[in-house]
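Q: Please take a close look at one part of this structure for me. I would like to know how it is put together and what lies around it.

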Amino acid sequence: MRVLLLGGTSEARTLAARLHPRVDVISSLAGRVPDPALPVGEVRIGGFGGVDGMRRWLVESKVGGVVDATHPFAATITANAAEVCAELQIPHLVLARPAWPPGDAILVKSDRDAAKAVQDNGFTRVFLTTGRSGVGVFTDVDAWFLIRAVTAPDLRTLPRRHELLLSRGPYGYDDERALLVEHRIDCLVTKNSGGEMTRPKLDAAAALGVSVVMVDRPALPGGVTTVSTVDDAVAWVSSLGRT
C-alpha cells in the first residue's frame, strides 16, 4: 500500500518515521522553505498544479491513502486533497494538531483583520510571528515591528519601522520572555498554529501581560476524517492494510 503524506510539519516527520519502512510513504513538501527538515523515506518537493494535477498524480502513483499533516493554515492544499480524495474514493485523513485556547487574545479571522486590531488598539511595539506571506498588510500600520520568519519577506512589503529576525523553532520560554522584554513588546501577533514548538511565546506574553492578537484557523472541509495525534494517524494508516 502506498500512502501520500502531505507535510512539512513536525507531526508529518514523526509520522513518516513511525510508518517507515513497513508502509510505502511518499512525503510531499510544498517547497516554500529553503533547506527544509526532511522526513525519512521518499520525498517529493513542489506543488501538484491544483486539483487536476493532484488527481493525475494520485492515479498515476497508485496511491491507496492520503494523510494531510500540513500546517493548519495550508487551506488550499487541504481543500484540494479533500476534494480529490472524495472524487477518487481514496481514504483520506487530516492530522490536525490541537489549536491553542485563545484565552484573552483578540481573535481575528485574517492577517488583514490582525493589522486593523493592532492599529485600532494603539499598540506601538509589535512582535509579528504570522509568517512571511502576511507581512504586507502591516505596511501602513503606525507601530514598530519585530518580525520573525523562517525566510525573509519581500522587502518592499515591510513596515517602515521594523527589525527582521530570521529563525526557525522550536523556541524556549526563557528565550521568548527575554525577547519580549528586550524589545519592550506590547502586542504579540500570531496565528493559532497550535503545537508545542512555538507555544512558549504565548506563555511568555501571558506572564508579562503582553496583549495577543490571534488569527483564527480556517475551517476544515466538511466531511473529512480528522485525528489530533500521531498515534491515531498511525492506527488509521495501519487499518488501511487490514481492509
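**From one edge of a sheet into the other sheet**

A: Let's start with strand 2 (residues 24-29) and strand 3, which run parallel and are joined by four bridges. Within this pairing, Leu29 has Ile45 of strand 3 as its bridge partner. Please keep in mind that the model is a predicted one.

Both strands belong to an open sheet of six strands, paired in parallel and ordered 3-2-1-4-5-12. Strand 3 (42-45) and strand 12 (225-227) have a single partner strand each and stand at the edges, so each has one side without a neighbour in the sheet. From one strand to the next, the twist averages 25°. Helix 3 (residues 75-88) packs on this sheet, where it touches strand 1 (2-6), strand 4 (65-68) and strand 5 (92-95). The direction of helix 3 makes about 160° with that of strand 5.

Now for the part I would like to look at most closely, strand 11 and its surroundings. Strand 11 sits in an open sheet of six strands with parallel pairing, in the order 6-11-10-7-8-9. At the edges stand strand 6 and strand 9 (162-166), each with a single partner strand, so one side of each is left without a neighbour in the sheet. Neighbouring strands here are turned against each other by 15° on average, if direction is ignored.

In that order, strand 11 is placed between strand 6 and strand 10. On one side, strand 6 (residues 106-108) pairs with strand 11 in the parallel sense over three bridges, and Leu107 stands opposite Met214 in strand 11. Strand 10 (residues 187-191) also runs parallel to strand 11, joined by five bridges, and here Thr190 is the residue that stands opposite Met214. To get from strand 10 to strand 11, the chain passes through helix 6 (residues 200-208), in a β-α-β crossover that is right-handed.

How enclosed is strand 11 (residues 211-215)? Four of its five residues are buried, so the rest of the structure largely encloses this strand.

One step further along the sheet, strand 10 meets strand 7: the two run parallel and are joined by three bridges. Phe127 stands opposite Leu188 in strand 10. Helices pack here as well. Helix 5 (residues 173-182) lies across strand 7, strand 8 and strand 9, running at about 155° to strand 8. Helix 6 packs on the sheet too and touches strand 8, strand 10 and strand 11, with a direction that makes about 155° with that of strand 10.

The crossover helix deserves a second look. Pro200, Lys201, Leu202, Ala204 and Ala205 of helix 6 are buried, and the cover over its buried residues includes strand 8, helix 5, strand 10 and strand 11. Just after helix 6 comes Gly209, which takes a positive phi of about 75°.

Strand 11 also contributes to a nonpolar core. The largest such core has 20 residues, and those with the most contacts inside it are Val118, Val126, Phe138, Phe145, Val189 and Val213. Two or more of its residues come from each of helix 4 (111-120), strand 7 (125-128), strand 8 (144-149), strand 10 and strand 11. Helix 4 gives the largest share, four residues. For a view from inside this core, try Phe138: leaving aside residues up to four places away in sequence, Phe138 touches Asp111, Ala114, Ala115, Val118, Leu128, Phe145, Pro159 and Val189. Apart from this core lies another, of 19 residues, among them Ala12, Leu15, Val234 and Val237.

Finally, let's zoom out. The protein has seven helices and 12 strands, and 46% of its 243 residues count as buried. Of the contacts with a separation of 6 or more, 62% are between residues 24 or more positions apart. The C-alpha trace spans about 55 × 35 × 35 Å along its principal axes. The radius of gyration is 19 Å, which agrees with the value near 18 Å that a compact globule of 243 residues would have.

Notes:
Residues numbered from 1 in each chain as written. Predicted model: local features only at pLDDT ≥ 70, side-chain atom pairs only at ≥ 80, totals over all residues. Heavy atoms only, no water. Buried < 20%, exposed > 50% of the residue type's maximum accessible area, 1.4 Å probe, protein only. Pairing = 2+ DSSP bridges. Right-handed = clockwise from strand over helix to strand, strands pointing away. Axes fitted to C-alpha atoms, helices over the stretch in contact; angles between N-to-C directions. Contact = heavy atoms within 4.5 Å. Core = buried A, V, L, I, M, F, W, Y, C linked by side-chain atoms within 4.5 Å. Rg over C-alpha atoms; globule rule 2.2 N^0.38 Å.
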